[in-house]
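Biologist: I'd like a close look at one part of this model, and then a walk outwards from there. Here is what I have on screen.

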Amino acid sequence: MTGILPFIALFAAWALLPALAGIPEFKLPSPGKVLNTFTNMMADGSLMAHVWASLQRLAAGYLLGNLIAIPLGLAIALNRAVSETLTPVLSFFQSIAGIAWVPLAIIWFGVGKGSVLFVIANTIFFASIYSTVIGVRTIPRVLFRASLSHGASRWDIISNVVIPRAMVQILVGLRTSMAYGWRALVAGEMIAGTDGVGYMTLEAVQWYQAEIVILGMIVIGVLWLLMDALLFTPIERVTVRRWGMVR
């Protein structure tokens, strides 16, 4: 319940600020106007079309990036010399914001879906692989030696030691990469997209439709909260907590 209070305060400030500060409506439209815009765009289907386009790209980029990043990260981390060599490189690429790749993506793939998908998958890949490598590297070496001394095979070590012990960090990578990927998606759609929530928001700027800009920002935030609550909380419950890695 307490988590709702900041949103109520923010909404109240939004409703009162234009009148108190004399801000014209074309710069900061009222909540009522934004709600009316939301109703109209839902009725004509345009809002859901943009949301669906964005979610499809995010899902494709998320699956592509993580299907490559997690297995590759495990393979790299299991070789200590290789992981120590590559960790600084992975940290370097993880620190580069997704939007920084957009100009290069446009040169490679042109304006459109290909560029946006590349930016999302690339951003997700480096965030996820870095967390996977760090997660494996934090496992005490004594656990590997103890497993080997009891005759464990390489697959036994991976399935019973590496994955459970690294799962906390892998899950952090999955959640972080989704957040980074979502922001990269919005930025990519603003610059190189032809549809989607980011494209909708920037397109409205050309016509000074601040109500659509604010609606786009609200949709971006709400969608992230829903994805985090509906995807990662259940995943955490059935994986990390199951193994007793968190309280």
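Leaving aside its neighbours within four places in sequence, which residues is phenylalanine 38 in contact with?

Modeller: Bear in mind that this is a predicted model. Once the neighbours within four places in sequence are set aside, phenylalanine 38 is in contact with Leu47 and Leu215. Phenylalanine 38 sits in helix α2, and its relative accessible area is 33%, so it goes down as partly exposed.

Now look at threonine 37, which is also placed in helix α2, a run covering residues 31-44. Threonine 37 counts as buried because its relative accessibility is 12%, and the cut-off for buried is under 20%. Skipping neighbours within four places in sequence again, threonine 37 is in contact with Glu211, Ile212 and Leu215. So Leu215 turns up for phenylalanine 38 and for threonine 37. For a sense of distance, take phenylalanine 38 and alanine 75: they are 37 residues apart in sequence, and their C-alpha atoms are 47 Å apart in space.

Follow the chain on to helix α10, which spans residues 210-238 and holds valine 222. With a relative accessible area of 40%, valine 222 is partly exposed. Valine 222 also belongs to a nonpolar patch on the surface, together with Ile218, Leu226, Leu230, Leu231 and Ile235. Taken together, the patch has about 500 Å² of accessible area.

Next, methionine 190. You'll find methionine 190 in helix α8, residues 154-192, and at 31% relative accessibility it counts as partly exposed. Not counting residues up to four places away in sequence, methionine 190 touches Gly198, Tyr199, Thr201 and Leu202. Here the sequence gap and the distance make a nice contrast with the alanine 75 case: methionine 190 and valine 116 are 74 residues apart in sequence, with 9.5 Å between their C-alpha atoms.

Then there are the aromatics. A search of the whole structure turns up 9 aromatic pairs. In one of them, the rings of phenylalanine 92 and phenylalanine 93 have centres 5.2 Å apart and planes at 80°, so that pair is edge-to-face. Phenylalanine 92 is partly exposed at a relative accessible area of 49%, and phenylalanine 93 is also partly exposed, at 25% relative accessibility. Another pair joins phenylalanine 109 and phenylalanine 118: the ring centres are 5.3 Å apart and the planes are at 40°, so this one is tilted. Phenylalanine 109 has a relative accessible area of 47%, which again makes it partly exposed. These four residues belong to one aromatic cluster, made up of Phe92, Phe93, Trp101, Trp108, Phe109, Phe118, Phe125 and Phe126.

Stepping back to the whole protein, you have 10 helices and 0 strands. The C-alpha atoms fill a box of roughly 75 × 45 × 30 Å along the principal axes. Of the 247 residues, 40% are buried, threonine 37 being one of the buried residues. Among contacts with a separation of 6 or more, 75% are between residues 24 or more positions apart. The accessible surface comes to about 13,600 Å², and carbon and sulfur atoms account for 70% of that.

Technical notes: Residues numbered from 1 in each chain as written. Predicted model: local features only at pLDDT ≥ 70, side-chain atom pairs only at ≥ 80, totals over all residues. Heavy atoms only, no water. Phe/Tyr/Trp six-rings, centres within 6.5 Å; stacked < 30°, edge-to-face > 60°. Buried < 20%, exposed > 50% of the residue type's maximum accessible area, 1.4 Å probe, protein only. Helix = DSSP H or I, 4+ residues; strand = E, 2+ residues; numbered from the N terminus. Contact = heavy atoms within 4.5 Å. Patch = residues over 30% accessible without salt bridge, like charges linked within 9 Å, V, L, I, M, F, W, Y side chains within 5 Å. Areas by Shrake-Rupley, 256 points an atom, 1.4 Å probe, with all protein chains shown as cover. Salt bridge = Lys/Arg side-chain N within 4 Å of Asp/Glu carboxyl O.
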